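Work through the exercises below with the structure in view. Each task is followed by a solution in steps.

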Amino acid sequence: MSAPASSTNAPASSTTSTPTAPGALPLIGHALQLARRPLPFMTSLREHGSVVRIRIGPTPAFVVTDPALTRKVLVTDSAHFVKGGKIIDALRTFFGDGLATVADGDTHLRNRRLIQPMFNKSHIADRGAAMIDQVQGLISAWPAVVPRDVYADMNEVALSAFLVALFGADLPEHLEGEFVTLMPEIMKGAIRQTILPPWTTRLPLPANRAHADRVARLRTLIDQAIDHHADRSPGLAPAADEVSAGAERCPHAEARTKDQGGLFKTLLTAEDPLTRQQLQDEAITLLTGAIETTGTTLAWTLYEITQHDEVQRRLREELTAVCGDRPLRYDDIAQLHYARQVLQEAIRKYGPAWMVTRTAARDIDLGGHRIPEGADVVWSPYLHQHDARYFPDPDTFDPDRWTAERAPAGRGSFLAFGDGRRKCIGENFAWAELQIILASILRAWPRFTLTSHPPRVQAVVTVKPDTLTMAYFPQATSMSQAGAEEAPLLQPSKSRHKE
């Protein structure tokens, strides 16, 4: 176990020299290693100390490799490590001041208090049946036997489920379809913006213009979804800019039924409503958060299931014990304990985030290391969740790590959702959505098999598979039948947003 972190206010004489990671090159520092082998490089830093200096170009950054010190950054001393850094700054440029990117302070606290009720368990449960219907409709429509791009499918299903939860089950089909088409391209553009030097993103290049156009179109779609929502629920309060323009609140707002609309109605009916710009920023933040991490987790989970027959057997037996022959209900997911363990192990093994940044608000001591004001402080869920001190044999997929007897040993190093006042606000929703989608796939398809080579990890914003295709079968065939069926499988079919 790690030694306790030293006090924030430790005297200067207690500080030690912060080691610099080997392999820095002139001008670019460690950027080449971060680009070519980011995960091995990041995990190797643990060998050099609890805080290690790296250079990204000429700019130094301090990587925290000890989970106890990371919790000081996120919880104990969070006031001195504010939201910021290269990744956050790049996302803020295009996605505005949503909850994930807005700077620490009154605005963040106000918006978090407004949004928090959207993600309490009762609000999520209200949307559970609609989410299950949406997910099952998409999954059951997949053609049997044909190989499919699992990562694209999981992103599409996750987005569709979240759109239903966010805006309601009656979102017009053309709006849903355009969201599904647009979001993957926007995510690619956002990733590109975080990798390139800031000055290149301001040049009038075709890629920059296309990304800006897509973000503008996304904001238009969100406006249309909000307007549709308001039209369908007349009691919804207008946004703050509409109030200032003279719009009136409906006196019968409390007459709405709880099933009208989706989670977003919480923001639209707030006593201190957000402006239309702020509503757009929050919707973009929620949508991007709902796709990449959820889709990545599900893709890796399905891959690991194909590699471990015992895991799949236990999952299916648990589903049968809970549901029998009837359809899945939202109340069932609380009883799918082993499925939760499987998903949590996929999150642990594959991140999904591998590099998160904060900015030191002043000169500060962190575990005996002096961090100068304005410096980027980097922490990595992937690094902590591959620490053998807390997760023995960390590259092994072992859902039983999360049994009641074993889970406490590694809980302090499981930081996939962050911690402290900036902890992911949608964690409850994420678990519900993951459980619904995984259970629906297992119920709809008695067997699925890998049709691509075993995927390699790619560290972009999340730790995603490079190539991952599977074929789904309507009944559990024998191995000889499977060989005959799978012989003609050549190219994966494309999910809706690529057609």
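**Exercise 1: a helix pair**

H13 passes H18 in a right-handed crossing (the near helix is turned clockwise from the far one by less than a right angle; anticlockwise would be left-handed). The model is a predicted one, where local features need pLDDT of at least 70, side-chain atom pairs count only at pLDDT 80 or more, and totals for chains, interfaces and linings use all residues. Residues are numbered from 1 along each chain as its sequence is written, and side-chain values use heavy atoms, with hydrogens and water left out.

Task: State at what angle H13 and H18 pack, and which residues meet.

Solution.
1. Helices (H or I, at least four residues) are DSSP runs numbered from the N terminus. The two here are H13, residues 276-307, and H18, residues 427-444.
2. Their packing angle is about 40°, and the axes lie 11 Å apart. Axes are lines fitted to C-alpha atoms over the stretch in contact, with angles from 0 to 180 degrees between N-to-C directions.
3. H13 is therefore oblique to H18 (under 35 degrees is roughly parallel, over 145 roughly antiparallel, 65 to 115 roughly perpendicular, the rest oblique).
4. From H13, Ala 290, Thr 294, Thr 297, Leu 298, Thr 301, Leu 302 and Ile 305 meet Glu 433, Leu 434, Ile 437, Leu 438 and Ile 441 of H18. Contact means heavy atoms within 4.5 Å.

**Exercise 2: the core**

Task: Find which residues touch the most other members of the largest nonpolar core.

Solution.
1. A nonpolar core is a set of buried Ala, Val, Leu, Ile, Met, Phe, Trp, Tyr and Cys residues joined through side-chain atoms within 4.5 Å. Buried means under 20% relative accessible area, exposed over 50%, and partly exposed in between (1.4 Å probe, protein chains only).
2. Among the 96 residues of the largest core, Phe 179, Phe 264 and Leu 302 touch the most other members.
3. H13 gives the most to this core, with 13 residues.

**Exercise 3: two leucines**

Task: Decide whether Leu 34 is buried or exposed, and do likewise for Leu 27.

Solution.
1. Leu 34 lies in helix H1, residues 31-36. With a relative accessible area of 11%, Leu 34 is buried.
2. Beyond its neighbours within four places in sequence, Leu 34 contacts Phe 41, Met 42, Ile 54, Ile 56 and Trp 354.
3. Leu 27 lies in the segment before H1. Its relative accessible area is 76%, so Leu 27 is exposed.
4. Leu 27 also has a positive phi of about 70°, although it is not a glycine.
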